[in-house]
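Q: Can we go through this one together? I'd like to start with the annotations, then move on to the ligand.

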Amino acid sequence: MAAVIDRVPPAASAKVRRIGFIGLGNMGARMAQRLLAAGQPMVVCDIVPDILAAFAAEGSAVAEQPAEVSAAAEIVFLSLPTPQSVRAVCLGPSGVIEGNATKIVVDLSTTGPRVAKELARHFADKGITFIDAPVSGGVVGAEAGTLSVMAAGDRQAFESIESLLRLLGRNVFYIGSVPGLGQSMKLVNNMLAATNALAAFETLVMGAKAGLDPQVMLDVINVSSGRNSATLDKVPQCVLSRTFPLRFATELLYKDVRLCTEEAEEAGSLLWLGQTVKQILAFAVAQGDGGKDYATIIQHFERWAGATVGAESAHPGTSR
Ligand code: NAD
């Protein structure tokens, strides 16, 4: 656990709603920054001390344990990697559920509907409302406040935090009152995004191998029927430059796709393409690429073909 950098100060005024934020990673740090910049009194928590120091320097209080956050903040946001980490932070020792100040917990992570339903039940027993509000739009959207937010849970509680959600996202959707519906919406979106990205990767590599210029391919596709978020954003921003910046780890996308296939199986829905997408992501993780951005998956297709999409120009005729 991180060292305490600064004890949580008492709220300056009874009317001010202190915001807690737990999980300051690629997404969380940027979202918490936006809340802080809007003048919200904040208390933050993460297991990485360096991240905490940066927030303390900007005026945020820093807590050592999740329970310390919920003892100080009326509304607690979470942006954590996995369903397991969200469950542990909420219900584990010194978890959010132990603090007495919190009225609403908002989970911005992608965890799947099952953990959302379980947490909603546990928190309800303590008189706390749980809102699942997963987000889409990546680190660029998190920084710019242009995320999509898919919220579910008690409508009145949602309305009381809507102005905060609008600091994070341009498109805030109330999906419904049943806990977990926001998560189901997010899994549908991310399965589609992953499928689109892998389809874009393999076809762009095929085109490069055939001698097409990658930029020309994108220029054509992005005004034609093949365009998707990978051809519009991911490939131009992360692949063409061959920089592959870490924005969304492959292991996290694999987690989302796995959650989606599990939900589909349980519900009796068919995900033919989704199963293939899951296997490709599992392969990338097994190759040791779990911690790298999922844009690096294109390199597996490139190595096979002997052609690259981006600065190192295509090599038609290179055999495998
Ligand atoms: P990340 O791994 O960069 O950040 C997670 C943060 O949580 C880290 O700072 C980590 O130290 C912290 N953490 C882990 N366990 C903790 C604990 N027990 N107590 C306190 N802090 C803890 O992940 P990310 O990319 O920011 O994603 C966060 C969530 O948002 C995930 O559920 C992900 O699926 C989802 N998401 C990510 C993106 C993206 O583009 N990166 C987009 C939409 C949604």
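Q: Which residues does the UniProt annotation "domain: 3-hydroxyisobutyrate dehydrogenase-like NAD-binding" cover?
A: Residues 180-300, according to the UniProt entry, which is unreviewed. Keep in mind that this is a predicted model.

Q: How much helix and strand is in residues 180-300?
A: The span is 72% helix and 0% strand. Its end C-alpha atoms lie 35 Å apart.

Q: And what span does "domain: 6-phosphogluconate dehydrogenase NADP-binding" cover?
A: That UniProt annotation, also from an unreviewed entry, covers residues 18-176. Here the make-up is 42% helix and 24% strand. The end C-alpha atoms of this span are 26 Å apart.

Q: What does the domain assignment give for the chain?
A: Domain 1 is 11-177, and domain 2 is 184-305.

Q: How far apart are the C-alpha centres of the two domains?
A: They lie 28 Å apart.

Q: How many residues of each domain are in contact with the other?
A: 16 residues of domain 1 are in contact with 15 of domain 2.

Q: Switching to the ligand. Where does it lie relative to the domains?
A: Between them, because domain 1 and domain 2 both give residues to the shell around the ligand.

Q: How many residues surround it, and which are the closest?
A: There are 24 residues around the ligand. M27, D46, L80, R247 and K255 are the closest.

Q: What's the split by residue type in that shell?
A: 12 nonpolar, 7 polar and 5 charged.

Q: Which helix gives the most to the shell?
A: Helix α11, residues 250-267, with 3 residues.

Q: Which polar backbone atoms are close to ligand oxygens? Start with L80.
A: A polar backbone atom of L80 is 2.8 Å from an oxygen atom of the ligand. For P81, a polar backbone atom is 3.3 Å from a ligand oxygen. T110 also has one, at 3.0 Å from an oxygen atom of the ligand.

Q: And how much of the ligand's accessible area does the protein cover?
A: The protein covers 87% of the 830 Å² that the ligand has on its own.

Technical notes. Residues numbered from 1 in each chain as written. Predicted model: local features only at pLDDT ≥ 70, side-chain atom pairs only at ≥ 80, totals over all residues. Heavy atoms only, no water. Near = heavy atom within 4 Å. Polar contact = N/O pair within 3.5 Å; in protein donor to acceptor, adjacent residues only side chain to side chain. Areas by Shrake-Rupley, 256 points an atom, 1.4 Å probe, with all protein chains shown as cover. Helix = DSSP H or I, 4+ residues; strand = E, 2+ residues; numbered from the N terminus. Nonpolar A, V, L, I, M, F, W, Y, C, P; charged D, E, K, R; others polar. Domains from an automatic or database assignment. UniProt positions renumbered as here; feature names shortened; annotations may be inferred. Contact = heavy atoms within 4.5 Å.
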